[in-house]
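The following exercises concern one protein model. Please work through each task before reading its solution.

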Amino acid sequence: ICFLCDHNEILFSHEGGSDVGDVDVNVERLQIPIGGASSATDVVKDLLSKAPVHKRGNLSSLILSLYNFYKDLRFLNLAINPLDIAAKLDDSAVFLCTEAG
């Protein structure tokens, strides 16, 4: 999941792993406008068309939960693969969350 100027983008690889090769060719993408929301239907349609039908419900729920986690904690980037997790927080999140708390 990554932040771009006017939207967030969720990338999903059906190949899995940390070495998916050419990202532009090997991942599915879902763009969500800043301040917008996405639904399980959007996730299934845009990201999970190649996933087994019986796994799509659980996968879409997981992806939406991770996206909400990403938004709520003001991440700029969140990448998960079988070997590790990498994340980058927005520096202004400390100020915004301190003010709100």
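**Exercise 1.** Locate R74 among the secondary-structure elements, and state its phi and its exposure.

Solution. R74 sits in the loop between α3 (53–72) and β4 (75–80); helices (H or I, at least four residues) and strands (E, at least two) are DSSP runs, numbered from the N terminus. The model is predicted: local features need pLDDT of at least 70 and side-chain atom pairs count only at pLDDT 80 or more, while totals for chains, interfaces and linings use all residues. Residues are numbered from 1 along each chain as its sequence is written, and side-chain values use heavy atoms, with hydrogens and water left out. Next, phi of R74 is near 60°, a positive value in a residue other than glycine. Finally, R74 has a relative accessible area of 37% and is therefore partly exposed (buried means under 20%, exposed over 50%, partly exposed in between; 1.4 Å probe, protein chains only).

**Exercise 2.** Describe the aromatic pairs that involve Y70 with Y67 and with F75.

Solution. The structure holds three aromatic pairs (Phe, Tyr and Trp rings, the six-membered one for Trp, with centres within 6.5 Å; planes under 30 degrees apart are stacked, over 60 edge-to-face, the rest tilted). Y67 and Y70 are stacked, at 5.8 Å centre to centre and 25° between the planes. Both lie in helix α3, three residues apart, about one turn of the helix. Y70 and F75 are also stacked, at 6.4 Å and 15°, and both are buried. Ring pairs link Y67, F69, Y70 and F75 into a cluster.
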